[in-house]
Amino acid sequence: IRRALPPFPTFVDVPGPCDPEDLIDGIIFAATYLGCTHLLSERTPTKSARMQQAQEAMSRVRAAQKQAKNRKKSPDSETPSTAEVDLFMSTQRIKVLNADTQEALMDLPLRTISYIADIGNMVVLMARGKMVRSHSAQENLDQTSEQTDMNHDDRRMYRMICHVFESEDHNLPPMDGWTDGE
């Protein structure tokens with residue numbers, strides 16, 4: 001007697017900017033590092049909550065750049081510095097390399113990456129940091145925040161380090177929604 005096998009999804013080869021084998025060795029994308037900020041987050045927020053956090057991080061970094069630029073507005077001052085970098089991504093880690101010297105500026109194991117958001121020509125890389133016990137700790141991270149939510153005080157929150165990049169390669173590979181395997 002022959003049994004019918006249950007239908008399983010078949011592998012579909014979708015064309016993309018790189019082959020899966022390339023991710024084992026790693027691929028490099030050119031970018032400009034704009035800065036970083038810290039946020040507090042629940043351990044496993046929704047995808048929409050992560051995207052809102054990424055947009056908040058992007059807004060904070062842009063505001064900090066604008067403030068620094070306004071402070072340094074004098075005839076002989078420079079605008080706030082940004083760094084030309086290469087983003088190295090593999091199945092093991094993400095490295096931020098100096099574009100000229102290829103020196104590693106950051107080396108983040110993939111297991112610490114919670115989310116990568118692709119917003120226009122901006123890329124926000126969110127890495128999980130230490131756990132904090134209270135939502136009120138956000139006030140220590142962000143002195144300008146006017147939001148307080150007492151409902152979250154007893155939850156375990158994680159400090160997220162959000163690195164913001166600008167890249168013309170922002171759509172290669174499609175990064176929106178990359179999340180960790182929690």
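Modeller: A disulfide is a pair of cysteine sulfur atoms within 2.5 Å. This is a predicted model, with pLDDT of at least 70 required for local features and 80 or more for side-chain atom pairs, while totals for chains, interfaces and linings use all residues. Residues are numbered from 1 along each chain as its sequence is written, and side-chain values use heavy atoms, without hydrogens or water.

Colleague: Happy to start there! How many disulfides does the structure hold?

Modeller: Cys-36 has its closest cysteine sulfur in Cys-162, 8.6 Å away, so the two are too far apart for a bond. Seen from Cys-162, the closest cysteine sulfur is that of Cys-36, again too far. The number of disulfides is therefore zero.

Colleague: Is Cys-162 buried or exposed?

Modeller: Buried means under 20% relative accessible area, exposed over 50%, and partly exposed in between (1.4 Å probe, protein chains only). Cys-36 is partly exposed at 39%. Cys-162, with a relative accessible area of 0%, is buried.

Colleague: Which strand gives the most to the largest nonpolar core?

Modeller: Such a core joins buried Ala, Val, Leu, Ile, Met, Phe, Trp, Tyr and Cys residues through side-chain atoms within 4.5 Å. This one has 17 residues, and Ile-113, Leu-125 and Phe-165 touch the most other members. Six strands (DSSP E runs of at least two residues, numbered from the N terminus), β1 to β6, each supply at least two residues. With four residues, the top contributor is β1.

Colleague: And how many residues make up the other core?

Modeller: That core lies apart from the largest one. Its members include Leu-34, Ile-119, Cys-162 and Val-164, and its residue count is 16.
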